[in-house]
Amino acid sequence: MTTLTLEYKTPQNLEIFIKDNHLKKDDNLLIQIFTSHNDKNYILTLIDNILLYLPNAKIIGSTTCG
């Protein structure tokens, strides 16, 4: 098992991160989103961006107010 961390800023830095870490080859990916953005549209857009590059990924998440 490998754990990687990315501070998401743009779809472009997500794409670079995926390419640099060769994640498209992996069929079994669990992605945890941990965000302080308590905005449903922001989170749904983030999920859409992830699934655009990694359509087989399983995504879980949580928010924080701190």
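The following paragraphs describe the overall fold, the first helix and two individual residues of a predicted model.

The protein comprises two helices and two strands, and from the N terminus onward these elements follow the order α-β-α-β. For a chain of 66 residues, a compact globule would be expected to have a radius of gyration near 11 Å; the value for the protein is 12 Å, which agrees with that expectation. Along the principal axes, the C-alpha atoms occupy a box of roughly 35 × 25 × 20 Å. Of the contacts between residues at least 6 apart in sequence, 60% link residues at least 24 apart.

Burial and surface composition were also computed for the protein. Buried residues account for 23% of the 66 residues. The exposed surface amounts to about 5300 Å², and carbon and sulfur atoms contribute 52% of this area. The protein carries 6 positive and 7 negative charges, and the mean positions of the two sets lie 2 Å apart.

Helix α1 spans residues 11–20, and its buried residues are L14, F17 and I18. These residues cover an arc of only 100° around the axis and therefore fall on the same side of α1. An α-helix has 3.6 residues a turn, so residues three or four places apart point the same way. The cover over the buried residues of α1 includes helix α2, residues 40–53. On the face of α1 turned away from the buried side are the exposed residues Q12, K19 and D20. Helix α1 thus presents L14, F17 and I18 as its buried residues, whereas Q12, K19 and D20 are exposed on the face turned away from them.

The backbone just after α1 was examined next. There, H22 adopts a positive phi of about 55°. This residue is located in the loop between α1 and β1, the latter spanning residues 30–35. Most residues other than glycine have a negative phi. In H22, by contrast, the positive value occurs in a residue other than glycine.

Within strand β1, attention falls on F34. Exposed residues are those with a relative accessible area over 50%; F34, at 57%, is therefore exposed. Leaving aside residues up to four places away in sequence, F34 touches S62 and T64. The C-alpha atom of F34 is separated by 10 Å from that of L6, although the two residues are 28 residues apart along the chain.

Key:
Residues are numbered from 1 along each chain as its sequence is written. This is a predicted model: local features need pLDDT of at least 70, side-chain atom pairs count only at pLDDT 80 or more; totals for chains, interfaces and linings use all residues. Side-chain values use heavy atoms; hydrogens and water are left out. Helices (H or I, at least four residues) and strands (E, at least two) are DSSP runs, numbered from the N terminus. The radius of gyration is taken over C-alpha atoms; the globule rule is 2.2 Å times the number of residues to the power 0.38. Buried means under 20% relative accessible area, exposed over 50%, partly exposed in between (1.4 Å probe, protein chains only). Contact means heavy atoms within 4.5 Å. Accessible areas come from the Shrake-Rupley method with a 1.4 Å probe; for residues, only the protein chains shown count as cover. Lys and Arg count as positive and Asp and Glu as negative; His and the chain ends are not counted. The place of a charge is taken as NZ of Lys, CZ of Arg, CG of Asp or CD of Glu. The arc is that of the directions from the helix axis to the C-beta atoms.
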